[in-house]
Each structure stands twice: as C-alpha cells, then as structure tokens.
Amino acid sequence: MHEVAGREAELAAIRTLLDAAAAGRGGALALAAGPGEGRTTLLHAAATLAGPGWTVLAAAGHVEEAGWDHGGLQRLIEPLGPLVAELPAHQREPLTDVIAGRAPAAGPLLLGVSVLALLRLATRARPVLCLVDDADLLDAPSGQQVRLVARRLGGLPVALLAGVRASAEAYAGLPTRRLPPLSEEAAHRLVRDLAPDVATALVELAAGHPGALADLAASLTPEQRRGFAPPPTTLTPDSGLRRQGRTALAALPAATRHLLLLAAADLAATGHADVADLLAAAGLAATGLPDADVAHLPAPGRAGPTLADLAPAERAGLVEVSAGGLRFTPAVMRLVVLGEAPIAQRHDAHHALARAYAARGRRLRALLHRAAVAPGADDLLAHELLDAAEGAPARLAFAAQRHAAELGSNPSRALLAAARSALAAGRPREARPLLRRASEGPGNAVVRARARALVAEMHVRGAPAEARDTLLDVAAELLPVDPGGALDALLVAGEACGRAGEPGRYPVLARQAVARCAGGRPATEMAVHQVAGVADLFTGDDEAAFGRLREVLRLAGQTTDPVALLRAANTGILLGRDRRAARLARQAVTFARAAGNARLVPEALETLAYAELAAGRHDAAVEAALDGAAVARGAGRPELAEAHLSLLGLLAAFTGDAATSRQRAGDNALGQWAEALLDLVAGHPEQAAGRLARVARTGSMTLRVAIAPHLVEATGGGGEVFDRWAGRTGQPGWLALRSRCRALTDASGADDYFREALGWHERDEDAGFALAHTELLYGRHLRRRRRPAEAREHLRRAAETFHRFDAGPWAEQAARELRAAGERIGPVGRVPLTAQQERIAGLVAEGATNREVAQQLHLSPRTIDHHLRNVFARLGVRSRTELARLDLFDGDRRDQPAVAVGHHAQ
C-alpha cells in the first residue's frame with residue numbers, strides 16, 4: 001500500500017514547512033487526526049522528505065507516562081546530549097538534569113531557553129526536524145516545553161511537526177491541519193491490488209478512514225481478495241480501531257449506547273441520521289408499542305431517551321451533532337457500534353427506525369430499514385422499494401433499488417435502475433458491477449440492451465467511436481420492441497457521433513425512431529426534435545436542423561428535468577443562442593443539485609462554461625469551469641475534471657496568458673486550439689494553421705465550427721461551413737465573425753465586410769474583446785493598404801480595449817501595428833487587476849499560501865508566484881501584509897465589464 005495516498009495537500013504543507021526551515025525561517029505545524037487516520041504515517045513521511053541532510057529528533061506522548069515529568073522532552077533531546085557540554089553553565093545544567101532523568105532545578109522559561117540554545121547548536125551542521133507524535137498526551141512539563149519552543153522558532157533552521165488527537169485541533173495555537181477523510185479515488189489507490197468489486201465494497205465500508213481500510217484489507221481471505229467469496233461487512237474483532245472503539249463504548253451509559261446503535265443503523269440504511277428521528281425511534285422502543293399503534297408515537301423528549309443522553313458520546317469525541325444531523329467521528333465508528341451489538345439488537349434498531357419513519361410518513365426510509373433486516377426474497381417489498389425510489393434523491397434511490405435487486409425474484413430492472421442511480425450519485429465504481437449483472441443476466445432482453453447502452457454512455461468521452469457503435473446497435477435492437485429506449489440511446493449516440501466525427505448509421509436510425517415516437521409528453525417531444533435535428537445536421541440539411549432544434553429550445557421552458565435542460569443547453573450552443581444556452585445550463589445545475597444528481601452537475605457546469613465562453617463572458621466561463629473542476633472528481637469523474645482544466649487553459653490562451661494556459665491545457669484538441677491562439681498572438685500564423693488543421697481533422701463537429709474564425713485568420717481561406725452556420729444563427733456576435741472572415745478571404749470587398757462586422761459588433765452587448773480583435777485586423781488591413789490615418793483610429797481602440805481586458809500580448813500586437821502606422825505609443829490606462837489576479841489577491845489577503853491558492857485554482861505554485869508579483873506591482877504593495885490591508889473591491893471594480901472571449905474573442 002502507498003500509505004500517504006490522498007494526503008497530497010498535507011505533504012505539500014510539510015514541504016513548505018521544511019523549505020522555510022531550510023532557509024532559516026523555522027516554524028511548527030500540528031496535524032490533528034483520530035486513531036488510524038494517518039498522522040503518524042505523515043510524520044514518518046516528513047522524515048523521509050527531510051532526508052539525510054537533516055537531523056531528525058523524535059518523541060511521542062504516552063498515557064501511561066503522563067505522570068513522568070519531562071519524560072517526553074528527555075526522549076526528544078537525548079540524541080543531542082554530546083552538544084550540551086558546549087553551552088554555558090546556566091543552560092547546561094537544566095539540560096543535563098533532563099537527559100539524566102532528574103527534575104531540573106531551573107524554571108520552565110530557563111529550561112525552554114536552554115532547549116532553544118541546544119537546537120541552535122545542532123543547526124550548525126544541518127537543519128533540524130522535531131517530530132512529536134501524540135503531543136497532547138505528553139507529560140505536562142514536556143508539553144509545556146514543546147509548545148514554548150514551537151512558538152520561538154522563527155529565526156532558526158528548525159521545523160517542528162506535532163501529531164495530536166482530533167479533539168485537540170487548536171493545539172497550543174499552532175497552525176493546525178485537520179486530516180480529512182480520504183477521497184474515494186485515494187482510497188481506491190490503497191487497495192488497487194484487490195478485485196474491483198471487493199475494493200469498492202471495502203472503500204464504502206471504510207468511509208475514507210485509512211486505518212480501517214488497512215484493517216479490512218488485511219482481514220481478507222485469498223478467496224475474498226479475488227472476489228470468489230463475499231467481502232467483510234464490518235471490522236474484525238481484533239482490529240485495533242475496533243478495540244479502541246469497544247473500550248470507548250464500554251465507558252458510556254446504556255441509553256447513550258442505544259442511541260448510537262440507532263444512529264449507526266440509520267446511517268447504514270439511509271446514509272443519514274437526524275437526532276429527532278433517533279429520539280423518536282428510541283422513545284418508540286421504550287414504549288413497546290406494537291406496529292398497529294405507531295400513530296401513538298411519543299414526541300421526542302417526552303418519553304424515553306432525550307438529547308442529553310448523547311452528551312457523553314459528544315464529550316468522548318465519538319459523535320458530532322449539528323443541524324445537519326449526527327455523524328460519527330471518525331465515520332467508520334458506525335461499524336464498531338454495529339459490530340459490537342448482538343444481531344438481535346441490530347434488528348430491533350432497524351425495526352424501531354422503520355416504525356418511527358412510517359409513523360412520520362417517510363415511506364422510503366421506513367422501507368430501507370425493513371429491507372436491511374429482510375430474512376429472504378420478498379417480491380412485494382422489492383416492488384415497494386422500486387415504487388418509493390421514483391423521484392427520490394439519487395443516493396436514497398440507489399440504496400432502495402440495490403435492495404430491490406437482492407430481494408426480488410427478477411432483479412434485472414432493479415439492477416439497471418440501481419446502476420443509473422449510482423451514476424447519478426457520483427458512484428461509478430458501484431454502477432459497473434450492477435451493469436455487468438444486468439447485461440449478462442437471464443432477465444429481460446430490453447433491460448440487457450439498455451444496460452449495454454448505459455455502459456457505452458460511460459465511455460462516450462474516452463472512446464467515442466466504440467460508444468457510438470454500441471449505442472447505434474442498441475438503438476437498432478430496441479426500435480421494434482422499445483422505441484423510447486431506442487430514442488434514449490440515440491440521444492447519447494448523437495454526442496458520441498459528434499465527438500467521433502462520423503455519424504455512421506445515425507441518420508437512418510434516427511428517422512426510424514422519430515417515426516415511431518412522434519407526439520407524447522414534452523420530454524418525448526423534445527427528444528424527438530433533438531434526434532431529428534442532429535440527424536439533419538449530419539446529412540447537411542441545415543435549414544431543417546435549425547427548425548427542429550429551435551423547437552427543443554421552445555419546449556425546454558416546460559421541463560424541470562436536468563437531463564433535458566442540459567441537452568437543450570447544448571442545443572442552444574449548436575444554434576448560436578449562447579445566452580439562452582447559459583440560462584438553461586444554470587437551470588440544469590440547480591435542478592441536478594436539488595435531485596442529488598452529482599454526475600450531472602459537472603457536465604452542466606462544462607456546458608455553462610462553453611456557453612459563457614461563446615457569449616463572450618470570460619469571467620463567468622472561468623467561474624463555471626473552476627466550479628466544474630472542483631466537483632467533477634467528487635462525482636467520480638476525473639476525466640471531466642481534466643476537461644474543465646483544458647477549458648480553463650483555452651480561456652487563458654484567448655487573452656494571451658501563456659503561463660496559465662500551458663499549466664492547465666491538456667494534450668487534446670482544446671490544448672491544440674489554445675496553442676494555436678498563442679501562436680496567433682505571437683505572430684506565427686503558419687504554426688497556428690498547422691495546429692488548427694489537426695483540430696479540424698480530429699475534433700468534433702462543434703469544435704470544427706468554433707475554430708473556423710481562427711483558421712481563417714491563420715490561413716486566409718476556408719470557412720465556408722462556418723459562413724453558412726453563422727448566417728443561420730441570426731445572432732449579432734456570430735454575424736460579426738462571419739463578416740470578419742469574409743473580409744479576410746475577399747480582398748476586394750474587405751473594407752465593406754470589416755465595416756459590416758463592426759456594425760454587427762455594435763449590436764452585441766458583450767462584444768468588447770471581439771470588437772477589439774476586429775479593430776486590430778481592420779487596422780492592420782488599412783495600414784497595409786497605405787491608409788495609416790484610418791488604421792491608427794482602429795488600432796488605438798483595439799489597444800485600449802486589450803489593455804482594459806488585460807490581454808497584454810494582444811495589446812502589444814496592436815501597439816506594434818500602431819508604431820508601423822506612424823504613431824508614437826504613450827501609456828494606455830488599464831483596470832487595476834485582472835479577474836484572475838483579483839481571485840489570487842483575494843485568497844492571499846485572506847491568508848492562503850501560494851500552494852493553497854494553486855490547489856484551489858488548479859495552477860502550479862510557480863504560476864501563482866508569477867501572478868502575485870504582478871499584483872504587487874500593480875497595487876504598489878510590497879508584502880502580503882500590505883495586500884491584506886487593501887480593500888480589493890473598493891469603488892466600482894465589481895461593475896467592470898467581464899473579459900469577453902468565445903466567439904467575441906475571435
């Protein structure tokens with residue numbers, strides 16, 4: 001196992017501490033975590049990071065040594081004993097006493113000063129790293145000395161790293177990092193040698209706790225490791241974490257243990273535990289009422305246990321109670337509570353919760369608890385679970401449908417439904433085995449086909465051609481027996497065809513499906529128009545396609561389905577209706593979040609970013625892409641996180657920010673487009689043309705249209721497809737680009753076309769950047785036609801606008817043209833900070849380090865340092881302290897126009 005997997009942020013903080021200490025700016029950091037959560041591992045990793053060039057001192061606190069004064073300090077400084085003789089007598093004597101195990105006569109302050117003097121001597125040879133684990137368990141005098149020294153390391157090449165229990169987060173006022181649970185991705189890296197289904201089961205059980213995951217993995221038999229036997233459902237009795245939990249539970253009152261058991265059962269069944277529900281269930285259990293009398297359920301607090309019964313568990317640090325519910329600390333403690341309770345008590349807890357939820361009218365939660373203790377197959381309960389899961393949040397629906405698959409005699413439909421809900425809940429690893437069972441099992445042929453389609457949908461981005469072929473096969477298979485299923489497959493196949501660049505049988509199958517599915521509900525009507533419109537686009541019937549796709553936008557106002565809204569938003573981009581597309585994408589984000597559809601949120605944010613990019617609202621596009629990159633990994637979609645980062649790289653390239661663009665852009669079509677933009681601004685059109693030609697050959701249909709204005713600028717030719725498409729949009733921004741492209745390809749009519757483009761720009765409220773680009777190209781054209789006076793007028797406006805939007809390289813290009821047109825360039829005003837610099841300045845002013853800012857904005861620390869130096873220069877400050885004193889949003893900064901990109905940046 002790679003024991004520090006998932007602790008990259010903490011390792012970065014340790015590296016920062018070591019780097020500062022090596023440069024003579026010593027300091028301290030505390031790592032707070034519960035048992036088995038990885039703080040000791042990180043201390044060992046710190047010693048490895050320091051390497052042989054450091055002196056490493058180590059000590060640890062122990063409960064049984066808490067009464068031995070100075071015992072911890074003695075262990076820490078004993079390796080430096082030979083240096084003590086070099087100190088003055090008044091500093092030498094207290095240290096000699098401590099190392100010898102005697103109580104020093106000196107007071108705490110003199111002893112602390114002596115320890116600092118000893119460390120200073122040690123640093124003559126190399127910097128010093130002090131590692132103190134369980135620092136909050138040190139004997140009192142040693143703990144006092146460690147804290148005193150930690151606060152006085154500023155001028156020494158000494159780093160102190162302390163590990164403390166989670167309940168001691170504010171240790172001695174030191175900078176403290178609370179170790180969070182491992183992400184699902186990091187947890188899977190720890191068990192990557194197990195069969196995939198087994199690894200998924202263990203990761204879910206461990207709930208991000210590295211110690212529990214290690215214990216569970218170590219307990220597996222060879223058959224379990226390979227998936228030939230069921231995986232464990234709890235920690236083994238000899239697990240260290242379980243032994244610690246058992247001891248903690250034994251010290252609690254019986255009423256507290258009962259509430260914790262109810263909480264653990266509720267979390268296991270529903271993923272949530274609300275205190276009011278727990279008290280109601282505990283009160284019901286105390287009354288002994290039969291099921292028929294659940295209407296007489298006592299109100300929480302009026303009978304049986306009360307909120308006060310949870311206080312002992314809170315004081316012991318086993319739970320945290322808030323308005324959001326009760327959670328165990330760590331979360332894996334629920335396994336200990338369940339594992340320590342006899343099976344009869346566990347079943348009683350589920351029964352009590354089922355009755356309490358039923359009495360409160362919360363049917364699905366009641367059914368989940370009934371399913372948790374169902375003795376065997378139960379088709380009626382399976383049917384109830386599937387019925388109650390309709391319209392439920394994805395996480396709860398997944399739990400219900402998975403139970404239904406296990407309880408029903410014909411599980412295929414439940415398996416498919418559970419897989420869909422698992423994907424929506426951001427749990428793709430749990431969806432895959434369900435889909436495999438659904439597609440390979442003996443169930444309904446329609447279900448098997450739909451399962452294959454869902455597997456293909458998961459691979460549309462990574463393998464679009466293969467996904468397209470599978471989806472078209474499924475559509476053909478379902479057309480005679482399930483036209484709606486065929487239509488669903490074709491909706492996804494349209495995206496796969498676009499990404500693959502080849503429609504295959506799509507148009508033929510699409511027309512057959514449309515003939516069978518015409519009419520019906522608005523959602524079906526939207527799908528019919530979508531599939532038919534895409535088919536018309538593939539066959540070159542743009543007029544019919546635009547008519548169909550406009551109907552999709554019209555019908556989008558009648559739905560709140562986030563999937564339908566997202567498809568409509570993408571349709572809006574196809575039609576050049578960028579602002580409408582952005583509104584629909586925002587609605588899709590809102591409704592997807594409300595439905596718990598974690599998978600769809602980053603997809604909708606990606607579409608929102610593209611829509612804002614196309615509409616010319618750079619700031620909004622950056623915000624959407626940053627949000628998307630942040631949530632994509634949590635939704636189990638790392639490939640989508642990379643897509644968002646590539647989009648951020650492209651956005652940076654539009655303004656000529658090469659450092660940021662190359663940090664973010666990937667080795668894909670967007671990365672090639674970004675490099676082409678940087679080539680254009682650097683004055684290398686031939687290189688840009690080569691890159692854009694490769695994008696045109698390998699990119700999607702939408703991408704080929706989007707890059708056309710830049711390809712025309714680089715080559716002076718082509719753009720016929722874009723010309724037709726832009727004309728059909730009827731949107732001023734795209735019509736301006738069409739006129740600009742015509743000006744670049746028709747020398748005889750260039751003046752008229754450039755003036756026409758400027759006229760269209762004036763009708764577009766977000767045309768600032770695109771207008772500047774057209775002014776630049778028109779000015780260059782006029783200069784080359786020996787009309788310098790007219791050229792200067794356009795080039796001045798271009799330079800001023802580029803400066804205003806912090807597109808420095810474009811502004812410099814305009815300035816070069818101005819010089820060539822005979823003008824001496826003076827200073828041009830600009831806004832104080834760009835949007836990106838404003839974000840960085842704001843985070844730094846709040847106290848974030850360069851590494852923390854880099855992590856949040858998905859950039860490297862070196863790029864952040866580059867931008868921060870520019871911020872200091874622009875604002876006239878010399879330090880972070882001075883920056884923190886500024887009001888970065890004073891005046892009308894928030895009202896400045898957003899940096900425009902997309903079709904307006906072309």
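1. How far apart are the end C-alpha atoms of helix α34 (residues 669-681), and what span should its 13 residues have? Keep in mind that you are looking at a predicted model. At 1.5 Å a residue, α34 should span 18 Å, and its end C-alpha atoms turn out to be 19 Å apart, which agrees.

2. Stay with α34 for a moment and look at what surrounds it. Eleven of its 13 residues are buried, so the helix is largely enclosed by the rest of the structure. Among the buried ones are Leu670, Trp673, Leu677 and Val681. The charged residues Glu675 and Asp679 are on the buried list too.

3. Helix α16 (residues 343-359) gets the same kind of ruler check. Its 17 residues should span 24 Å at 1.5 Å each, and the end C-alpha atoms are indeed 24 Å apart. Several of its residues are buried, including Ala349, His350, Leu353, Arg355 and Tyr357. Just after α16 you meet glycine 361, which has a positive phi of about 75°.

4. Now for the salt bridges: the count comes to 59. A good one to find on screen is arginine 427 with glutamate 430, whose side chains meet at 2.6 Å, N to O. Both of these partners are buried.

5. Next, try arginine 452 and glutamate 477, which form a salt bridge at 2.8 Å, N to O. Arginine 452 sits in helix α22 (residues 445-457) and glutamate 477 in helix α23 (residues 464-478), so the pair ties together parts that are 25 residues apart in sequence. Arginine 452 is partly exposed, at 31% relative accessible area. Glutamate 477 also counts as partly exposed, at 38%.

6. Arginine 637 and glutamate 639 make a salt bridge as well, with their closest N and O atoms 3.3 Å apart. Are these two buried or partly exposed? Arginine 637 counts as buried, with 4% relative accessibility, whereas glutamate 639 is partly exposed at 36%.

7. Salt bridges can also join up into a network. Here Arg579, Arg586, Glu612, Arg617, Asp764, Glu765 and Asp766 are linked that way. It's worth showing these side chains together and tracing who touches whom.

8. Which arginines form a positive surface patch? They are Arg550, Arg577, Arg583, Arg724 and Arg728. Arginine 724 belongs to helix α37 (residues 720-729) and is partly exposed, with a relative accessible area of 48%.

9. Last, some backbone oddities. Most residues other than glycine have a negative phi, and most peptide bonds are trans. With that in mind, look at threonine 329 and proline 330: a cis peptide bond joins them, with omega about -5°. Proline 330 is found in the loop between β7 (325-328) and α15 (333-340).

10. Two residues that are not glycines have a positive phi and deserve a look. Aspartate 134 has a phi of about 50° and lies in the loop between β3 (128-133) and α6 (140-150). With a relative accessible area of 19%, aspartate 134 is buried, because the cut-off is under 20%. Arginine 786 has a phi of about 60° and sits in the loop between α40 (768-784) and α41 (788-804). At 76% relative accessibility, arginine 786 counts as exposed.

Technical notes
Residues numbered from 1 in each chain as written. Predicted model: local features only at pLDDT ≥ 70, side-chain atom pairs only at ≥ 80, totals over all residues. Heavy atoms only, no water. Patch = residues over 30% accessible without salt bridge, like charges linked within 9 Å, V, L, I, M, F, W, Y side chains within 5 Å. Areas by Shrake-Rupley, 256 points an atom, 1.4 Å probe, with all protein chains shown as cover. Salt bridge = Lys/Arg side-chain N within 4 Å of Asp/Glu carboxyl O. Lys, Arg positive; Asp, Glu negative; His and termini not counted. Charge placed at Lys NZ, Arg CZ, Asp CG, Glu CD. Helix = DSSP H or I, 4+ residues; strand = E, 2+ residues; numbered from the N terminus. Buried < 20%, exposed > 50% of the residue type's maximum accessible area, 1.4 Å probe, protein only. Expected span 1.5 Å × (residues − 1).
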